[in-house]
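Please open the model in your viewer and display it as a cartoon. The tour below proceeds by selections, and each stop states what is to be found there.

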Amino acid sequence: MPKHLLIVESPAKAKTINKYLGKDFQVLASYGHVRDLVPKEGAVDPDDGFRMRYELIDRNEKHVEAIAKAARAADGIWLATDPDREGEAISWHIAEILRERGLLEGKDLQRVVFTEITPRAIKEAMNQPRRIADELVDAQQARRALDYLVGFNLSPVLWRKIKAGLSAGRVQSPALRMIVEREEEIEAFKAREYWTIEADCAHPSQPFGAKLVKLDGQKFEQFTITDGETAEDARSRIAAAAQGSLHVTDVASKERKRRPSPPFTTSTLQQEAARKLGFTTRRTMQVAQKLYEGVAIGEEGTVGLITYMRTDSVNLSQDALGEIRDVIARDFGTASVPDKPNVYQTKSKNAQEAHEAVRPTSALRTPAQVARYLSDDERRLYELVWKRAVASQMIPATLNTVTVDLAAGAEHGFRASGTTVVVPGFLAVYEEGKDNKGKEDEDEGRKLPVMKLGDRIPLDRVHADQHFTQPPPRYTEASLVKALEEYGIGRPSTYASIIQTLTGKQYALLEGRAFKPTDVGRAVSKFLSNHFTKYVDYDFTANLEDELDAVSRGEEEWVPLMEKFWGPFKEQVDEKKASLDKADAGSVRVLGEDPKSGRPVSARIGKFGPLVQIGTVEDDEKPRFASLRPGQSIYSITLDEALELFQLPRTLGQSNGEDVSVGIGRFGPFAKRGATYASLAKEDDPYKIDLDRAVFLIEQKEEIARNRVIKEFEGSDIQVLNGRFGPYISDGRLNGKIPKDREPASLTLEEVTRLLEETGKPARRGFGAKKAAARKAPAKKDAAPKKAAVKKAPAKKAARKATTKKTATKKAAAKAARPLSEGLEPAKPLVTAAKFEPGRKRVVKKTDDAPF
């Protein structure tokens, strides 16, 4: 029997560590967080020292029970969750659960941390146990409480003023503001025309190009020439003055050093993986997690390939430095190894210097050696980490830039530049990617022929080219992470969850690799920026992060920090709830008047998304609604464009004695004849589609419906049906599979009954699911209801499931009854009071910016 229990967060890590520790240890995983705040008002009580109520997370209950069972039999318990605030809090929660169950009495409880999963690192950690760090737990408690209070109080304001289901987060909201402000910059941008003039030189050894830098004796700048006529006139004068050649007036050579980038932190890893590999931040962290927790490497067994991937530090341990320098000397020569290791300073104010940068656990495991054991994603990310770490300890690259000035007559001048690598240094291994390239980047790699003062260079031609200034680019995941880090908003470990929330809530969409805010996202950002300015202010958010960091260092207490934040915030929330209407919220934009009715035309966020509206709810006549077309926005649509949308629904003509019309519903554009609705194809425009095309789509839909039933059985609800993925059987409640070797039409009632019992799964209500319940005869009033043979569930879970089912039914009914363009304001959410349990209550969640 094992004498000791060691608890980690993930099963993969548990499996790896279990091989390193002897038979005296049992290693179990908590599967992440084990407790969370109760999902209701009152989970954090500001009136009682911000006491926090929590409960076991349902999905992890069985893992907690396994830990408790093992703890009961163990002599000693070791908490080895991740080496950050989240991990510290998980250890604290596990300890509290075991303490409440009386499982720690007379037992040794110790906390151990390691930043890499290798036999050496595990052994060192086990020899240096410590206590749970209360200051880290307090910092995470404060962070979680802030996120809860912001989300639980601010989100309902958004529901009432803009649209139900929205969320506001302490860090998510400033990040959204960045994306929206950049989009507004792009929309406000006015392109300016400008012209450049270049010379194509026909040097005997190598042709090259040169840019005009002097015109008529004056410096030539970006907007010196802004029209084609002036550009052509200048080009002609320069060509005439040059008389077929340019005269070399100056040759300058300048040598410079370029240092390597530091090894990866979490944020720089996310940025570089986005630039070079096309990974999202979430994908990067998932792959890094696998590399950290362990991969089977042939005879070596399972071993962690990289160090812990959530870190702000750029430090490397002495052991790692020695190994990396040995690898550089072996593979690139001793000349590539600097006299002393390169030292880097972290940009983060709260970097834990005891931690290391993200690096390979052994530089001796080159990417080529481990590639065959890794998936494609793992191989590419490991190669990135390995190259960056190795390059960071190599000598600088030596670059030589040559600049040549060439005259065209006495009044005009050109310049050509080229940069060559003299000593590659770290560039032999790795070069950091860039979001935007500058002039130096354009010159790099361009080599000029040898020229000296007084040389005459044959001129091939002089040409003028038109350009327009470009708006600032939208944020990509890489540039957004970089901006968040520069502003000090959030922490690297939370960037992936922030981005996931913004896209998951559809506040922003990724077009290509760039973020474009949706109308809903813009409405939320506009509302928060106008009415809760302080709480989406970049400096305020960054300063709050700094204070949370101070709590983690033991320099501040968490409750006074909470009190300072909560009072003004709650007062402002209450004031805005009472004083704002939807127009104030920024979700309504008045466009003008409808020329036919004289009623106001507005663009707004409705219950199901952006729409335009004629009239108001206060009018005697009901308002009219129309959905926006793809690519339209309530923030840019004009009155004429809005009025055009009210052409739908429109009647195209008649077919088989019935009107054929087109319109747009909740699920997109459709054609309708009688009771048949058919979705339009992507290439069909509801404003331009003709009668023949609409009839074709409708009859295609009717043909599918006619052929849906393959076989029915008298006295039974079971049918053999054609579906999207082939024939299947269904009774309206369950869908079952048909063996591949059976002809569907030949199945008997006995066979389909058996197959439904063996393979049946709950039917999805939709086109392919039969509404069997509607076909059944109503039950007799005096008939006793049949008792269903169901497994008895715990009262708490049963109640939760019943509530969920009831809510889902209500939502489904509401969706079926109301059209997309109804535009109703959501009802005020019902909030119930919660009782508090005695004792100190703390909770931590895996994100810094929890959405509600």
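## First stop: Ala-397 and its strand

Select Ala-397, which lies in strand 15, the stretch of residues 397–408. Please bear in mind throughout that the model is predicted. Is Ala-397 buried or exposed? Ala-397 has a relative accessibility of 0%, and it therefore counts as buried. The cut-off for this term is a relative accessible area under 20%.

Next, display the surroundings of Ala-397. Apart from neighbours within four places in sequence, Ala-397 is in contact with Arg-256, Lys-257 and Arg-258, and also with Val-423, Pro-424, Gly-425, Phe-426 and Leu-427. One of these contacts can be followed with the distance tool: the C-alpha atoms of Ala-397 and Val-423 are 5.5 Å apart, although 26 residues separate the two along the chain.

Now extend the selection to the whole of strand 15. How many of its 12 residues are buried? The number is 10, so the strand is mostly covered.

## Second stop: the partners of strand 15

Add strand 16, residues 412–423, to the selection. Strand 15 and strand 16 run antiparallel and are joined by 11 bridges. Within this pairing, Leu-406 has Phe-414 of strand 16 as its bridge partner. Strands 15 and 16 form a hairpin with 3 residues between them, and Gly-409 in this hairpin has a positive phi near 75°.

Then select strand 12, residues 245–258. Strand 12 pairs with strand 15 in the antiparallel sense, over 11 bridges. Two pairs of residues may be picked out here. Val-248 has Leu-406 of strand 15 as its bridge partner, and Val-251 has Val-404 of strand 15. Leu-406 thus appears as a partner of Val-248 and of Phe-414.

Strand 12 also leads onward to strand 17, residues 456–468: these two strands run antiparallel and are joined by 3 bridges. To find this pairing, select His-247 together with Arg-456, its bridge partner in strand 17.

When side chains are displayed on such strands, one general rule is useful: in a regular strand, the side chains alternate between the two faces of the sheet.

## Third stop: two packed helices

Select helix 9, residues 281–293, and helix 12, residues 376–391. Two packed helices are described by the angle between their axes and by the distance between those axes. For helix 9 and helix 12, the angle is about 85° and the axes are 10 Å apart. Helix 9 is therefore roughly perpendicular to helix 12, a term that covers angles of 65 to 115 degrees.

Display the side chains where the helices meet. Helix 9 contributes Arg-283, Thr-284, Val-287, Ala-288, Lys-290 and Leu-291 to the contact, while helix 12 contributes Asp-377, Glu-378, Arg-380, Leu-381 and Tyr-382. By residue class, the contact comprises 5 nonpolar, 1 polar and 5 charged residues.

## Fourth stop: a parallel sheet

Select strands 1, 2, 7 and 8. These 4 strands form an open sheet with parallel pairing, in the order 2-1-7-8. Which strands lie at the edges? They are strand 2 (25–29) and strand 8 (108–111), each of which pairs on one side only. From one strand to the next, the twist averages 20°.

Within this sheet, strand 1 (residues 4–8) and strand 7 (residues 76–79) are paired in the parallel sense over 4 bridges. Leu-6 stands opposite Trp-78 of strand 7. Add helix 2, residues 61–73, which packs on the sheet and touches strand 1, strand 2 and strand 7. The direction of helix 2 makes about 160° with that of strand 2.

## Fifth stop: an antiparallel sheet

Select strands 20 to 23. Here 4 strands form an open sheet in the order 20-21-22-23, with antiparallel pairing. Strand 20 (588–593) and strand 23 (624–627) are at the edges; each has a single partner strand, so one side of each has no neighbour in the sheet. Direction ignored, neighbouring strands in this sheet are turned by 25° against each other on average.

Strand 22, residues 609–614, is antiparallel to strand 23 and joined to it by 4 bridges. In this pair, Ile-614 stands opposite Arg-624 of strand 23.

## Last stop: the whole protein

Finally, clear the selection and view the entire model. The protein has 23 helices and 32 strands. Of its 852 residues, 47% are buried. The exposed area is about 43,400 Å², of which carbon and sulfur atoms supply 51%.

How values were computed:
Residues are numbered from 1 along each chain as its sequence is written. This is a predicted model: local features need pLDDT of at least 70, side-chain atom pairs count only at pLDDT 80 or more; totals for chains, interfaces and linings use all residues. Side-chain values use heavy atoms; hydrogens and water are left out. Axes are lines fitted to C-alpha atoms, for helices over the stretch in contact, and angles run from 0 to 180 degrees between N-to-C directions. Angles under 35 degrees count as roughly parallel, over 145 as roughly antiparallel, 65 to 115 as roughly perpendicular and the rest as oblique. Contact means heavy atoms within 4.5 Å. Ala, Val, Leu, Ile, Met, Phe, Trp, Tyr, Cys and Pro count as nonpolar, Asp, Glu, Lys and Arg as charged, and the others, Gly among them, as polar. Two strands pair if DSSP finds at least two bridges between them. Buried means under 20% relative accessible area, exposed over 50%, partly exposed in between (1.4 Å probe, protein chains only). Accessible areas come from the Shrake-Rupley method with a 1.4 Å probe; for residues, only the protein chains shown count as cover.
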